[in-house]
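Please work through the following exercises with the sequence and the structure at hand. Each task is followed by its solution.

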Amino acid sequence: DAQDLLPNHSGPVVSLAHRDALLVSAAQDGTLRVWDLAADGAADAPPTCAYGFGGFKVWIGSVCADDTRLLSDGSDNTIIMHDFSSVQPASTY
């Protein structure tokens, strides 16, 4: 279960992005989490962590998401694009 493998952030959350039933959170600990807000279908159910990224070497500054991509930027002025419509690894700019 992804919830067991992806714990909560260990640092302060510094950015949020919302798209449909998904919420992306980014924290100073260098982690991103993609939360499914409608996983259980119940309005009062807590969000489920569906996906996570870790290992960023710097603080994450902001996140932005659309239907297939997630953009994040770090305090080192690097932008990373995660494209979920492709099997290619994340692109760094």
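The exercises below treat cysteines, the nonpolar core and strand pairing.

This is a predicted model, in which local features need pLDDT of at least 70, side-chain atom pairs count only at pLDDT 80 or more, and totals for chains, interfaces and linings use all residues. Residues are numbered from 1 along each chain as its sequence is written, and side-chain values use heavy atoms, with hydrogens and water left out.

**Exercise 1.** State how many disulfides the structure holds, and classify Cys49 and Cys64 by accessibility.

Solution. A disulfide is a pair of cysteine sulfur atoms within 2.5 Å; the structure holds 0 of them. Next, apply the classes: buried is under 20% relative accessible area, exposed is over 50%, and partly exposed lies in between (1.4 Å probe, protein chains only). Cys49 is buried because its relative accessibility is 2%. Cys64 has 46%, and therefore counts as partly exposed.

**Exercise 2.** Determine which strand gives the most to the largest nonpolar core.

Solution. Such a core is a set of buried Ala, Val, Leu, Ile, Met, Phe, Trp, Tyr and Cys residues joined through side-chain atoms within 4.5 Å. The largest has 12 residues, including Val34, Phe53 and Ile60. Strands (DSSP runs of E, at least two residues, numbered from the N terminus) S2 (22-27), S3 (32-36) and S5 (60-65) each supply at least two core residues. S5 gives the most, with 3 residues.

**Exercise 3.** Describe the open sheet that contains S5.

Solution. Two strands pair if DSSP finds at least two bridges between them. The sheet has 4 strands in the order S5-S6-S7-S8, with antiparallel pairing. S5 and S8 (91-92) are the edge strands, each pairing on one side only. S5 is joined to S6 (residues 69-74) by 5 bridges; Gly74 in S6 is the bridge partner of Ile60.
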